[in-house]
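Colleague: Please take a close look at a single part of this model, its interior, and explain in connected steps how that part relates to the rest of the chain.

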Amino acid sequence: MLRGPLGSGWNIVSRLRPAPRFGATRGLASDAQVKKTALYDFHVENQGQMVNFAGWSLPVKYEDLSVSDSHHHTRNSASVFDVSHMLQTKWVGKDRVDFIEKLVVGDIQALKEGTASLSLFTNETGGIIDDTVICKNKDHLYVVSNAGCAEKDWAHIQKHLQQYQDRGGDVDVEIIDTHSLLALQGPKAAKVLQNLVDVDLKEMNFMTSQILSLKGIICRVSRVGYTGEDGFEISVPLPDSVDLTRILLENPDVKLAGLGARDSLRLEAGLCLYGHDLNEGISPVEATLLWTVGKRRRAEGGFLGAEVIQKHIKDGVSQKRVGLIVQGAPARENALILNENEEEIGKVTSGCPSPTLKKNVAMGYVPTSHSKAGQIVKVKVRNRIYPAEIVKMPFTPAKYYKKPQ
């Protein structure tokens with residue numbers, strides 16, 4: 001539980017804890033090594049409250065703004081987040097699409113150049129190894145996956161890459177350790193960024209990506225995000241990371257935001273946090289992420305765990321991820337979900353007070369028989385039982401940009 005400057009109402013992620021003030025090189029490292037992004041000193045200078053998240057020292061908030069304040073600012077204006085801890089990789093070779101389709105559930109063949117898709121790495125039993133965003137470019141794939149899964153993702157990719165290459169496949173994968181990653185999110189994000197580029201961002205749809213010059217800094221700009229708002233992720237060369245952040249902050253509509261607001265924003269948007277709402281024992285169907293499995297892939301398979309997932313699609317599953325509105329105290333991770341007879345039927349995987357709705361929101365897994373929106377269940381919080389309702393997600397409407405026809 002994070003207390004003090006954050007307030008007693010916030011429990012962001014159980015893994016967060018104060019980070020020792022020592023440095024480390026960027027890239028993959030052991031769990032004992034806390035890494036710093038290129039913006040570390042900048043965060044400290046701006047009174048960022050630094051914590052250890054997935055082995056990286058990152059700001060959970062900034063001294064001048066509460067988590068709730070940052071959350072509201074993002075929903076109403078624009079915030080910049082340092083997400084450089086995410087694993088960025090580049091996939092090259094003429095067989096790159098064929099190879100990645102053996103590891104993920106998406107129809108990467110069908111992607112047009114310059115477009116991106118959320119997909120899932122799966123294992124042999126149909127469980128989710130990680131969620132990832134894949135962008136298709138003329139001569140390579142640009143892939144972003146989670147920092148907390150970086151070590152296992154890389155080992156998984158390398159294992160199958162070696163086997164594929166041994167069979168004569170033309171593909172290679174490299175870590176992009178030369179770039180930071182910034183997320184500019186919020187309804188004013190496009191207006192802010194438009195002042196820095198010489199292309200019309202109204203022509204750039206959600207889930208598209210291109211190389212742009214931002215005041216002379218060459219970056220990959222992708223119209224994606226983890227907040228439910230319109231926004232962009234910007235892959236920027238390490239030496240230019242602080243300069244670009246300062247340029248963005250010159251706009252009075254932009255403020256810095258940290259992990260705390262990022263967590264409450266993504267939860268309101270019904271988006272999963274790997275290791276909490278997703279893991280290797282949960283299939284895409286159970287996670288209500290079947291939409292990530294391309295139609296062709298559902299029929300043809302050809303990816304790890306395809307047979308299990310195809311069976312889940314055909315026969316159904318025994319549990320599903322659902323959204324919950326909880327009365328009384330906020331339900332946190334591992335809070336028990338009970339049926340009308342107060343018998344345990346599931347657990348909460350993420351939960352927090354919603355700054356936007358002024359209600360307690362959560363997600364978790366329940367039997368399929370209890371997963372229909374409108375059903376009433378109960379949640380046990382600190383030995384007290386509160387009523388809760390199964391609701392559709394997202395909790396707040398998504399505002400992803402689609403250019404006018």
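Modeller: Before turning to the inside, a word on counting charges: Lys and Arg count as positive and Asp and Glu as negative, while His and the chain ends are not counted. On that basis the protein carries 50 positive and 47 negative side chains, and the centres of these two sets are 5 Å apart. Please keep in mind throughout that this is a predicted model.

The whole chain gives the setting for the interior. There are 21 strands and nine helices in the protein, and its C-alpha atoms fill a box of roughly 60 × 55 × 50 Å along the principal axes. A compact globule with 405 residues would have a radius of gyration near 22 Å, and because the protein has 21 Å, the two values agree. Of these 405 residues, 57% count as buried. Among contacts with a separation of 6 or more, 66% are made by residues that are 24 or more positions apart. The surface that the protein exposes comes to about 17,400 Å², with carbon and sulfur atoms supplying 49% of it.

Now to the part you asked about. The largest nonpolar core holds 27 residues, and those with the most contacts inside it are Leu184, Leu193, Leu214, Val221, Leu244 and Leu248. The elements that contribute two or more residues to this core are the strands β5, β11, β12, β13, β14 and β15, together with the helices α5 and α6. The helix α5 gives the most, with four residues. Apart from this core lies another, of 20 residues, which include Val97, Ile108, Phe121 and Ile157.

Which residues surround Val221 once its neighbours up to four places away in sequence are set aside? Val221 touches Leu193, Met204, Thr208, Ser209, Gln210, Leu212 and Leu214, and on the other side of it in the numbering it also touches Phe232, Glu233 and Ile234. Two of these partners, Leu193 and Leu214, also belong to the group with the most contacts inside the largest core.

Gly231 can be followed in the same manner. This glycine is found in strand β14, one of the elements that give two or more residues to the largest core. Is Gly231 buried or exposed? Its relative accessible area is 2%, and because buried means under 20%, Gly231 is buried. Leaving out residues up to four places away in sequence, Gly231 touches Leu184, Gln185, Ala189, Ser222, Arg223 and Val224.

From here we can go on to two helices with buried residues, α2 and α7. In α2, which covers residues 67–76, the buried residues are Val67, Ser70, His71, His73, Thr74 and Arg75. An α-helix has 3.6 residues a turn, so residues three or four places apart point the same way. The cover over the buried residues of α2 includes β4, β5, β11, β15 and α7, and among these β5, β11 and β15 are elements that give two or more residues to the largest core.

The helix α7 is mostly covered, for ten of its ten residues are buried. The buried residues of α7 include the charged ones Arg262, Asp263, Arg266 and Glu268 as well as Leu259, Leu265 and Leu267. What covers them includes β3, β4, α2, β5, β18 and β19, and the helix is followed by Gly270, whose phi is positive, near 70 degrees.

As a contrast to the interior, consider some residues with higher accessibility values. Lys90, in strand β6, has 30% relative accessibility and therefore counts as partly exposed. Lys90 and Val143 are 53 residues apart along the chain, yet their C-alpha atoms are separated by 6.4 Å. Glu342 is located in the loop between β17 and β18, and because its relative accessibility is 42%, Glu342 counts as partly exposed. Phi of Glu342 is near 60 degrees, which is a positive value in a residue other than glycine. Arg382, in the loop between β20 and β21, likewise has a positive phi, near 50 degrees, and at 65% relative accessibility Arg382 counts as exposed.

Key. Residues are numbered from 1 along each chain as its sequence is written. This is a predicted model: local features need pLDDT of at least 70, side-chain atom pairs count only at pLDDT 80 or more; totals for chains, interfaces and linings use all residues. Side-chain values use heavy atoms; hydrogens and water are left out. A nonpolar core is a set of buried Ala, Val, Leu, Ile, Met, Phe, Trp, Tyr and Cys residues joined through side-chain atoms within 4.5 Å. Buried means under 20% relative accessible area, exposed over 50%, partly exposed in between (1.4 Å probe, protein chains only). Contact means heavy atoms within 4.5 Å. The radius of gyration is taken over C-alpha atoms; the globule rule is 2.2 Å times the number of residues to the power 0.38. Accessible areas come from the Shrake-Rupley method with a 1.4 Å probe; for residues, only the protein chains shown count as cover. The place of a charge is taken as NZ of Lys, CZ of Arg, CG of Asp or CD of Glu.
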